[in-house]
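Please read the following account with the model open beside it. The text goes from the whole chain to single residues.

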Amino acid sequence: MFIALFTTVAGFSQDMEVKKGDFKFLKDQKELNVEFNYSNVKLMKEKLTNDEYVAKRSAELNEKSKGNGNTWKKKWASAPEHIWNPKFMELIGKVYGNEKNVTIEEGLTSAKYTLIVDVVWIYPGWDAAVMKQAAKVTTVLRFVETANKSNVLLEIESDEAPGDQWGSQFSNESRIGEGFAKTAKSLGKMMLKKVK
């Protein structure tokens, strides 16, 4: 029991640190564009590429039950678009957008600034009902000029945002989605505090 409790509590640490720049440019902005970049993501403690992880995981699932791995592969491929990105967008909109009356959307090319969410590392965690480990999501959050994306005005590292829910959550994809929600919530709170 003690181990289960410790595992759950230990999962809730997230480090968010400004690496470059400040928040001044966001003052009076009423629009923010958002882009997600998964091209360099690594997975698990072994830091597997997405292709390596998918091959390994689908083979494991197919071994347990024929065809399961192939079904999972489709679910995994659609997770960024259908679970992870929407979770992030929902929370950044709720915490910062609603509070400051800022429209935050993907593909909002009229916005002067773009937030690029570089997804660096994902750990899916696990849930065995009696014991569980939260998912973890590490990202680099870069605010750039929409017209000149090489001009980085603010860079924040979000390290191991925990993805967990009350009760059981047996879907890795949903648990990871909670890590994206936590990232957006922490970022939104930081922005509220810093953007005067």
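The paragraphs below treat the overall make-up, then one helix, a pair of helices, and a few loop residues.

The model is predicted, so local features need pLDDT of at least 70 and side-chain atom pairs count only at pLDDT 80 or more, while totals for chains, interfaces and linings use all residues. Residues are numbered from 1 along each chain as its sequence is written, and side-chain values use heavy atoms, with hydrogens and water left out.

The chain contains four helices and 10 strands. Here helices (H or I, at least four residues) and strands (E, at least two) are DSSP runs, numbered from the N terminus. Their order along the sequence is α-β-β-β-β-α-α-β-β-β-β-β-β-α. Of the 196 residues, 47% count as buried; buried means under 20% relative accessible area, exposed over 50%, and partly exposed in between, with a 1.4 Å probe and protein chains only. A contact is a pair of heavy atoms within 4.5 Å. Among contacts with a separation of 6 or more, 71% join residues 24 or more positions apart.

Helix H2 covers residues 50-64. Its expected span is 1.5 Å times one less than its number of residues, so its 15 residues should span 21 Å, and the end C-alpha atoms are indeed 21 Å apart. The buried residues of H2 are Tyr-53, Val-54, Ser-58 and Leu-61. Viewed down the axis of H2, these buried residues fall within an arc of 115°, and therefore line one face of the helix; the arc is that of the directions from the helix axis to the C-beta atoms. The cover over them includes strand E3 (42-43), strand E4 (48-49), helix H3 (68-100) and helix H4 (172-194).

Ser-58 gives a closer view of that face. This residue of helix H2 has a relative accessibility of 5% and so counts as buried. Apart from its neighbours within four places in sequence, Ser-58 is in contact with Gly-69, Trp-72 and Lys-73.

Two of the covering elements, H3 and H4, also meet each other. Their axes come within 8 Å and cross at roughly 25°. Axes are lines fitted to C-alpha atoms, for helices over the stretch in contact, and angles run from 0 to 180 degrees between N-to-C directions. Angles under 35 degrees count as roughly parallel, over 145 as roughly antiparallel, 65 to 115 as roughly perpendicular and the rest as oblique; H3 and H4 are therefore roughly parallel to each other. The crossing of H3 and H4 is right-handed, meaning that the near helix is turned clockwise from the far one by less than a right angle, whereas anticlockwise would be left-handed.

Phe-23 lies in the loop between strand E1 (15-21) and strand E2 (31-37). With a relative accessible area of 6%, Phe-23 is buried. Beyond its neighbours within four places in sequence, Phe-23 is in contact with Val-18, Leu-154, Ile-156, Met-190, Met-191, Lys-194 and Val-195. The C-alpha atom of Phe-23 is 8.2 Å from that of Leu-153, which is 130 residues away along the chain.

The loop between E1 and E2 also holds Asp-28. Unlike Phe-23, which is buried, Asp-28 is exposed, at a relative accessible area of 65%. Most residues other than glycine have a negative phi. Asp-28, not a glycine, has a positive phi of about 70°. Asn-101, also not a glycine, has a positive phi near 55°. Asn-101 sits in the loop between H3 and strand E5 (103-106) and, at 59% relative accessibility, counts as exposed.
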